[in-house]
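Thanks for coming, everyone. I have one structure to walk through today. Please bring it up on your screens.

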Amino acid sequence: MAATDAAHDEAFELGRRQFMQAAAGTLAAFMTGCDGGIEGFFQKTFRELSPEELKGVVARMEKDYAARWGKETKISTTPPREGVMFGYGLDLSRCLGCRRCVYACAKENNQSRDPQIHWIRVLAQKKAAGVSLEGANPYYDPDLVPQDDVFYMPVACQHCRHPQCTKVCPVGATWQEPDGIVVIDYDKCIGCRCCMAACPYGARRFNWGEPNLPKEEYNPNQHYLGNRPRPRGVVEKCTFCIQRVREGRYPACVEICPVGARKFGNLLDPESEIRQIMERKRVFVLKAELHTEPRFYYFYAT
Amino acid sequence: MQTESPPESGLSAHAGVYPLYVMLPIFALIGLMALSSELTADRKMFKLEEGSQAVVPHSPAEFEDILGGFDPFPPADAKGNYPTPPPPLSEDIFPCTQCHEDPEDDDPERRELEMEHTNIKLNHGDKSRWCLDCHSFENRDMLHLSGGELIPFTESQRLCGQCHGTIYRDWRLGIHGKRTGYWDGKKRYLLCVVCHWPHEPHFKPLKPLPPPVRPQFLRPQDRPAVDETQPAEEH
């Protein structure tokens, strides 16, 4: 009995060793296939990283992305500035519904082309009904815009002051920065989509499939929390072009709008155009009854 | 052993547990009938049937001529100021005194022009004004304000601002007009005439870029072969 037990144990011992070796080998192979490799697997989240660690992480990412897309990549980690709180204005009396903002955003922010992701959605609504999101149509495609009886309302992330999405994230992958931008750490996101359920504005998008971004269309000027290429299975959304606004520039949608319907700036600066809009114009927000207090203000200039 | 009878449940205490046995099947039957009628109804439930079929994903690269490189601004000068770009005058038309040397050769009467400048059909307050209400008669290289002051073409916003005062105020504050550049720096200004042709200022409608792909067509294998030129039926 003892002999067979010993033999049995030894056989099992070898089996266990082989099993552990095979498991470790599989795990290693699995992790190297993951985005970022083994270092990516053990990487801490953005808010936990010390400045030196962050530099190392950014350097690794820049190298990885440059290898994948063939362009030298610059990932900035510019922090928010003191005394800056961003606000966005959209002039409903001017928007034509031309969708140039939608495609300029996709071009600037490295969004997947197929499966297609658009952060901005332009809702066409009948003027007679007023602002009525139930009757809104994002798939309008007439020959010419604007049509006479329709007005156009682009909707993207509203960067609310009381964001519901950040409340429900079970892992803390999304939070609001001091300058007002609601950001996502794509390496922390587990893809549960609770935030998408919580957002009243339908602003968040999910990477259902492997994102497809051709090399020619890759934008190498990136921010860690902004437009770096996302992996499959994470949530993304408008970041107010954080890679641009933290350097003092306007977001891409503001710059491309052919009729100047989009306004952006620092709400705390009394001379900024967004502050003047707040003081002088008729301003409203979407779904005010939910008390999310968005930073995205719709107004009528005339 | 004497066991206590179990306490009477509230339900059996009533004389009517039997109505429950009757109502439950009736409600279940009604529910099933409603469900089957909804499932078999050939009805467009969502207004989103309107508009494009939105099957094909379009990429920004297809619209590079629209999205790429509209920047009429020269870079900032040594002091960090952005010079306003010059007015977009037609080629060789300026200076006007090439032809209009002497005002005495011209006719200041209001009329329909037949010899020259026939390509300009004024559609901007044309019932109340004509060319010389903005263009100075004495010096064709200048415009004039209502008080008679002459201003160059590079300051034409003052002329527009006479009638469009609220827009002019909004333009000075940065609320009106296309914004590019830096939100925390000096504003870059475009003259009114860069966007609005003063003789017919109303913007022409333009073709919108394609709508987003509908969620049911996100995967390539789910996309039917459709003729994208035909819109979906209107609801």
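**Salt bridges, the interface and two buried side chains**

Let's start with A:E108, which counts as buried because its relative accessibility is 12%. Keep in mind that this is a predicted model.

What does A:E108 pair with? Its salt-bridge partner is A:R244, with the closest N and O atoms 3.3 Å apart. A:E108 sits in helix α4 of chain A and A:R244 in helix α7, residues 242-245, so the pair ties together parts 136 residues apart in sequence. A:R244 also counts as buried, at 12% relative accessibility. There is a third member here. Salt bridges with shared partners link A:E108, A:R244 and A:E255 into one network.

Stay on helix α4 and look at A:K107. Its side chain meets that of B:E64 in a salt bridge, 2.9 Å from N to O. A:K107 is in helix α4 of chain A, and B:E64 is in helix α3 of chain B, residues 64-67, so this pair joins two chains. Buried or exposed? For A:K107, the call is partly exposed, at 28% relative accessibility. B:E64 is partly exposed too, with a relative accessible area of 39%.

That takes us to the interface. On the chain A side, 56 residues are in contact with 46 residues of chain B. The two chains bury about 4,500 Å² between them, and 59% of that is on carbon and sulfur atoms. How many salt bridges cross the interface of chain A and chain B? The rule finds five. One more to look at is A:E273 with B:K187, where the closest N and O atoms are 2.9 Å apart. Between the chains there are also 24 residue pairs in polar contact.

Which elements of chain A supply at least two residues each to the side that touches chain B? They are α4 (100-108), α8 (252-256), β10 (262-266) and α9 (273-280). The most comes from α4(A), with five residues. By type, this side of chain A divides into 27 nonpolar, eleven polar and 18 charged residues.

Now helix α9 itself. A:E279 forms a salt bridge with A:R275, the closest N and O atoms being 3.1 Å apart. The two residues are four apart in helix α9 of chain A, so about one helical turn separates them. A:E279 is exposed, at 53% relative accessible area. A:R275 is partly exposed, at 24%.

Next, an arginine with no salt bridge. A:R205 is in strand β7 of chain A, residues 205-206. A:R205 is buried, and the nearest side chain of opposite charge, A:E236, is 7.6 Å away. What does its side chain reach? One target is the backbone oxygen of A:W119, at 3.3 Å. Another is the backbone oxygen of A:H118, which lies 2.6 Å from a polar atom of the A:R205 side chain. Its contacts further along the sequence include A:I117, A:M196 and A:V234.

Last residue: A:W175, in strand β5 of chain A, residues 174-176. A:W175 counts as buried, at 8% relative accessibility. Its side chain makes a polar contact of 2.8 Å with that of A:E177. Beyond its sequence neighbours, A:W175 is in contact with residues including A:F46, A:I181 and A:L225.

A quick word on chain B. Chain B has six helices and two strands, in the order α-α-α-β-β-α-α-α. Of its 235 residues, 26% count as buried.

Conventions
Residues are numbered from 1 along each chain as its sequence is written. Chains are lettered from A and ligands numbered from 1 in the order in which they are written. This is a predicted model: local features need pLDDT of at least 70, side-chain atom pairs count only at pLDDT 80 or more; totals for chains, interfaces and linings use all residues. Side-chain values use heavy atoms; hydrogens and water are left out. Contact means heavy atoms within 4.5 Å. Buried area is the accessible area (1.4 Å probe) that two parts lose on being put together, summed over both. A salt bridge is a side-chain nitrogen of Lys or Arg within 4 Å of a carboxyl oxygen of Asp or Glu. A polar contact is a pair of N or O atoms within 3.5 Å; within protein, one must be able to donate a hydrogen and the other to accept it, and residues adjacent in sequence count only if both atoms are side-chain atoms. Ala, Val, Leu, Ile, Met, Phe, Trp, Tyr, Cys and Pro count as nonpolar, Asp, Glu, Lys and Arg as charged, and the others, Gly among them, as polar. Buried means under 20% relative accessible area, exposed over 50%, partly exposed in between (1.4 Å probe, protein chains only). Lys and Arg count as positive and Asp and Glu as negative; His and the chain ends are not counted. Lists of a residue's contacts leave out its neighbours within four places in sequence.
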